[in-house]
Every structure is written in structure tokens, then in C-alpha cells.
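Trainee: I'd like a close look at a single part of this protein, with time spent on what surrounds it. Which positions does UniProt give for the feature "binding site"?

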Amino acid sequence: MTEYQVIDSRDTVIRDGTIKLHDEAGFEGMRRAGRLAASILDAIVPLMQPGVTTAEIDDKVRELMLAGGAVPATLGYRGYTHSCCISINHVVCHGIPGEKALKDGDIVNVDVTPLLDGWHGDTSRMYLVGDVPLKARRLVDVTHECLMIGIEKAQPGARLGDIGAAIEAHARQFRYGVVREFCGHGLGRLFHDAPEVVHAATAGTGPELRPGMFFTIEPMINLGRPWVKLLKDGWTAVTRDKSLSAQFEHSIGITETGNEIFTLSEKGLHKPPYD
């Protein structure tokens, strides 16, 4: 049985399996963190050029977080040693920045989580490098559509499964695979918390969505089969069939009348192309 916990934004929270319901101060904290996260993804657009290394992008992300008064939530998280995740082409998620240089035709996901005043602003966005093939562009477009369709279903009184069911139904129209091994999650003062937001689910199932819930929706959509494997580094997840993969992520809060997206780009840079 699902348990909910109403918390004051000043409370110390623990990962205890309960779904946290936040107050207005919590919403304001998430707005600030979300705005910073979105502005960072806006600011790195000029770096998405052939020859730029993923380490350079990671350095810029860290610089922007610190300048904004935040720290990278991923830095030191479970031993992770970088300020963001950068996933290219057939990398599904959690790609580790390094000396790999971007090349013409790449599709790139950058996932950032600044921790600002105790609140986590978690978001990711796709980028196109140079001349990207049509099939890759279409995958990116449909993945963004999946995200927004899922967000539309995130309404008070709905069920968590309604989100995943809508995402899966849209992706299947294009014969794309929806990754199941990784999912969205609750967040707020904790980086990862209840509930798990599965992106391939059955409508009408799962916990009821109630005002005050904060969570991410972050569908990972594969051009081929949905199956993934983890590389030996313990972080990088790739498609088993080496097909392309795309992902977009927003952090949202459930309100009395619908939902609020905390991580929207104030510049309107929601999906590529960004020029």
C-alpha cells in the first residue's frame, strides 16, 4: 500500500519509501533549482560542435553550477566523479565525460542536477551535432513528444501508470523501444526518492498522483529494441543492439489543478534545433 508523507520544507527528510507531499516553500525551492538547471542546458548549446570533448562540456557545466550558487549533485554520488552525464548515440544514459570528442552527426544527451539551497533541479536535453541523419532527428523529436505526452497525463487524481502507458503507446506508433531498466523518480531535498516513474506501464495502475508530489519524467527511447546493457565501468548503459537512443527529462510538481514543470527553458530551447 502506498504511503504519503506531508512534509514541511524545513523538515529533514529520509529515503523511507514514502511519497513526499511538499508545501509552497518546496515548490519555490524547486523552481529556483529547476531554472538554474534549464539555464545550464541553454548555455552549453554553443559547445555542441565537432571536436569539443565531453570533458570540456562537463567542466562548463560545473563552472555554471558553481557560478549559480549550486553544487553538482552527481559529483561524488555513489562514487561518480563528474558534474553531469553525457550520453552519445547508442548510449542510453549515464555516459561518463572524458576525452571523447563530439563528431558530425552525433546525437547527445546531457543530464544535469544542480543542488541549490538543498533542492535538486534534475533535467536532461538532447543536442544535434552538425549534420544529423533524418532517422536520428526523428527519434529525438518523438522522444520529446513522449516526454510532453507523459507530462500531460500527470494530473491530480490520475495514476502513475497513466504516464508510462501514454509514453509507450506513442513510441510504439513509430516501432521504437521504450527502455524499462531505468525510470524517473521522486526528488526534492533528496536526489532520488519514491515513487519510481516507469515509462512503459499500464494505465490505471500505480500510486495516485496528489498535489505536492515532485518527480522526474525522463523517457529513454531506442530506435531499435528496448533492451540495454551496463558496461564494465558500472555506469554507462548502452543499447544491446547498438541502435540509437534518445532521452529528455523534466522535473515536475503536481498542483491542485494540474502540474508545474520546474525545468523549462526560459529561452524556449525545449528541443533541437536550437538556432
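Mentor: Let's begin with a word we will use often: contact, or touching, means heavy atoms within 4.5 Å. You are looking at a predicted model, where local features need pLDDT of at least 70 and side-chain atom pairs count only at pLDDT 80 or more, while totals for chains, interfaces and linings use all residues. Residues are numbered from 1 along each chain as its sequence is written, and side-chain values use heavy atoms, with hydrogens and water left out.

Now to your question. An unreviewed UniProt entry puts the feature "binding site" at Asp 122, His 185, Glu 218 and Glu 249. Although these residues span 128 places in sequence, no two of their C-alpha atoms are more than 10.9 Å apart, so they gather at one spot. One of them, Glu 249, also belongs to the lining of the second largest cavity, and we will come back to that. Please remember that UniProt annotations may be inferred rather than shown by experiment; their positions follow the numbering used here, with shortened feature names. The unreviewed entry also places "domain: Peptidase M24" at residues 28–256. The end C-alpha atoms of that span lie 16 Å apart, and the span is 27% helix and 25% strand.

Let's look at His 185 first. This residue sits in strand E11, residues 184–186. (Helices, H or I with at least four residues, and strands, E with at least two, are DSSP runs numbered from the N terminus.) Is His 185 buried or exposed? Its relative accessibility is 8%, so His 185 counts as buried. (Buried is under 20% relative accessible area, exposed over 50% and partly exposed in between, with a 1.4 Å probe and protein chains only.) Setting aside residues up to four places away in sequence, His 185 touches Asp 122, Glu 218 and Glu 249, along with Phe 191, His 192, Asp 193, Pro 195, Val 197, Phe 215 and Thr 216. A polar atom of the His 185 side chain lies 3.4 Å from the backbone oxygen of Phe 191.

Next comes Asp 122, in the loop between strand E8 (119–120) and E9. With 3% relative accessibility, Asp 122 counts as buried. Beyond its neighbours within four places in sequence, Asp 122 has contacts that include His 185, Phe 191, Thr 216, Glu 249 and His 250. Thr 113 is among its contacts as well, and here the two side chains make a polar contact at 2.9 Å. (That term means a pair of N or O atoms within 3.5 Å; within protein, one must be able to donate a hydrogen and the other to accept it, and residues adjacent in sequence count only if both atoms are side-chain atoms.)

What about the empty space? The largest pocket has a volume of about 610 Å³. Of its 28 lining residues, the closest to the centre are Tyr 77, His 94, Cys 183, His 185 and His 192, and this brings us back to your site. E12 (193–197) gives the largest share of this lining, four residues, while strand E6 (107–112) and E11 each supply at least two. By class, the lining has twelve nonpolar, seven polar and nine charged residues.

Finally, back to Glu 249. The second largest cavity, with about 40 Å³ of space, is lined by Glu 249 and by others including Phe 248, His 250, His 144 and His 270. E9 (123–128) gives the largest share of its lining, three residues, and helix H3 (134–152) supplies at least two. Its lining has three nonpolar, six polar and two charged residues.

A few terms to keep. On a 1 Å grid over the protein atoms alone, a cavity is a set of points where a 1.4 Å probe fits but cannot get out, whereas a pocket is an open set with protein on both sides within 12 Å along at least five of seven lines; lining residues have an atom within 4 Å of a point. Points join across faces, edges and corners, and a volume is the space filled by probe spheres set on them. Ala, Val, Leu, Ile, Met, Phe, Trp, Tyr, Cys and Pro count as nonpolar, Asp, Glu, Lys and Arg as charged, and the others, Gly among them, as polar.
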